[in-house]
Structures are given as C-alpha cells and as structure tokens.
Amino acid sequence: YGPANFALDAAIDLVKSPTADQMWLHTNMVCMNPVIVLQNAGSIPLTSVDIYYGMAGTTPSVYHWTGNLNFLDKQEVTLGSFNYFSTSHDFVIYLNHPNGNTDQNHWNDTTHTTINPVLALPNQFVIQLKTNNFPNEDSYTVKDLNGNTVYSLVPTLANTFYRDTLNLPNGCYEFILND
C-alpha cells in the first residue's frame, strides 16, 4: 500500500447489522441499534463524523460520532434507534461532515444492505418456558428500544412449565433467553 490518496476521507468499512449477509446472521435480524465499522481512509486523524442511517424512504436518524482514528484505523460503532417500520427492506447509511468539513472521497461514504424483516408479533402474545433440572440456570428478559427491561422471568422450580402473557405497545423489543 502507498500513502493515502486523500487527507480527509471517512469510510464505511462494513455494516454488521442490520444485514442479511450470512457472515453476520448471528447478530441479525434487528430493528434497533445498528452496528457498523467506521474507517479513516484519509491521512489526517478522523475525530468526528455524522452518520445518517435508516430504512430507505424514511427520515434518517443521525449519530454524531467522535473519537480518534489514524490512517486505516477502524472502529466498531453501535448506533441508536431508527424508524424500522417501513415497507422497504433496504437499510441505508451514509457519512457526512468528517471533522466538520467536506469529505474528499464520496465513493466510500454511502452503502446499503438488504435486510430480512424481524418477526412481527401481535401486541398480546404468550411466552412459554419449561425448565430442566437446574432452573437457577434459566431466565429470560424482554427489553424495549431504550434497553429498559419490560418483563423478566427467573424460574425457581425444576421441570416446571411457565406460561406468561405479555401485552406490549407497538415497538421494537429484544428477547434474551439464558440457559
């Protein structure tokens, strides 16, 4: 490799989620907190950039990244919530204003991924869990878009069938099962 072609060049190296890419299916399908890999492809350190992201056809969300990346350094960035609910299956992301200036290379500022839609449940649904001989090893948690726990279960009885009816408002939730 030779020297940098541009002094100021923020780049999207990778979109880990949301994506339908087989390499990252273990962290997908998501409707919150996208994860990208940001790279500095310019010769001067990258200290800030505005990251715009969201479903095609919707108003993008904006994440204001700050840090310190030298030439070719990369950093994984977890973004905030976005308007997931769209008829599109195209997640779009683009960078703007690196270090508060104009990016000198626009070829690596924008990318998109095709995504598989997340499972849509009715507002009221049932979660069923049957414990094994070690119920202290089992639990589950439901979290909302902001990471707040809206329901959790820590079973206490071995070989017992638990059935919980949840009634949640429309939104994006994360279900975490521990065993």
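What follows is a guided walk through a predicted model, from its sheet and its nonpolar cores to a few residues that show how the parts meet.

A good place to begin is the open sheet, which is built of 4 strands in the order β4-β3-β6-β7, with antiparallel pairing. Its edge strands are β4 and β7, the latter covering residues 110-114, and each of these two pairs on one side only. If direction is ignored, neighbouring strands of this sheet are turned by 25 degrees against each other on average. At one end of the order, β6 and β7 pair in the antiparallel sense over 5 bridges, and within this pairing D90 has T114 in β7 as its bridge partner.

With the sheet in view, the reader can turn to the nonpolar side chains. In soluble globular proteins, nonpolar side chains tend to be buried together. The largest nonpolar core of this model has 23 residues, and those with the most contacts inside it are L38, I51, W65, F91 and I93. Two or more residues are given to this core by each of the elements β1 (10-17), β2 (35-40), β3 (46-55), β4 (61-69) and β6 (90-96). The largest share, 5 residues, comes from β3.

Two residues help to show what surrounds a side chain in this part of the model. If residues up to four places away in sequence are not counted, W65 touches L38, L46, T47, S48, V49, I51, Q75 and V77. The other residue is I36, which lies in strand β2 and is buried, with a relative accessible area of 0%. Again without counting residues up to four places away in sequence, I36 touches L14, V15, K16, I51, Q75, E76, V77, L79 and I93. One of these, V77, is 41 residues from I36 in sequence, yet the two are 5.4 Å apart in space, C-alpha to C-alpha.

Strand β5, which spans residues 74-78, holds K74. Is K74 buried, partly exposed or exposed? Its relative accessible area is 47%, and K74 is therefore partly exposed, since that category lies between the cut-offs of 20% and 50%. Leaving aside neighbours within four places in sequence, K74 is in contact with D13, V37, L38, Q39 and L69. With D13 there is also a polar contact, in which the two side chains are joined at 3.3 Å. A quite separate position is marked by V150, which is 76 residues from K74 in sequence and 35 Å from it in space, C-alpha to C-alpha.

V150 falls within strand β10, residues 149-153, which pairs with strand β9, residues 139-143, in the antiparallel sense over 4 bridges. These two strands form a hairpin with 5 residues between them, and in the turn G147 has a positive phi of about 85 degrees. Across the pairing, V142 stands opposite Y151 in β10.

The aromatic rings offer another way to trace links between strands. A pair of aromatic rings is described by the distance of the centres and the angle of the planes. The model has 5 aromatic pairs. In one of them, the rings of Y52 and Y94 have their centres 4.9 Å apart and their planes at 5 degrees, so the pair is stacked. This pair links distant parts of the chain, with Y52 in strand β3 and Y94 in strand β6, 42 residues apart. The two partners can also be described by their accessibility: Y52 counts as buried at 18% relative accessibility, whereas Y94, at 29%, counts as partly exposed.

Another pair belongs to the hairpin. The rings of Y140 and Y151 have their centres 6.2 Å apart and their planes at 35 degrees, so this pair is tilted. Because Y140 lies in strand β9 and Y151 in strand β10, the pair ties together parts that are 11 residues apart in sequence. Here Y140 is buried, with a relative accessible area of 1%, while Y151 counts as partly exposed at 28% relative accessibility. Elsewhere, ring pairs link Y53, F82 and F91 into a cluster, and F91 is also one of the residues with the most contacts inside the largest nonpolar core.

Technical notes. Residues are numbered from 1 along each chain as its sequence is written. This is a predicted model: local features need pLDDT of at least 70, side-chain atom pairs count only at pLDDT 80 or more; totals for chains, interfaces and linings use all residues. Side-chain values use heavy atoms; hydrogens and water are left out. A nonpolar core is a set of buried Ala, Val, Leu, Ile, Met, Phe, Trp, Tyr and Cys residues joined through side-chain atoms within 4.5 Å. Buried means under 20% relative accessible area, exposed over 50%, partly exposed in between (1.4 Å probe, protein chains only). Contact means heavy atoms within 4.5 Å. Two strands pair if DSSP finds at least two bridges between them. Axes are lines fitted to C-alpha atoms, for helices over the stretch in contact, and angles run from 0 to 180 degrees between N-to-C directions. Rings of Phe, Tyr and Trp (its six-membered ring) pair if their centres lie within 6.5 Å; planes under 30 degrees apart count as stacked, over 60 as edge-to-face and the rest as tilted. A polar contact is a pair of N or O atoms within 3.5 Å; within protein, one must be able to donate a hydrogen and the other to accept it, and residues adjacent in sequence count only if both atoms are side-chain atoms.
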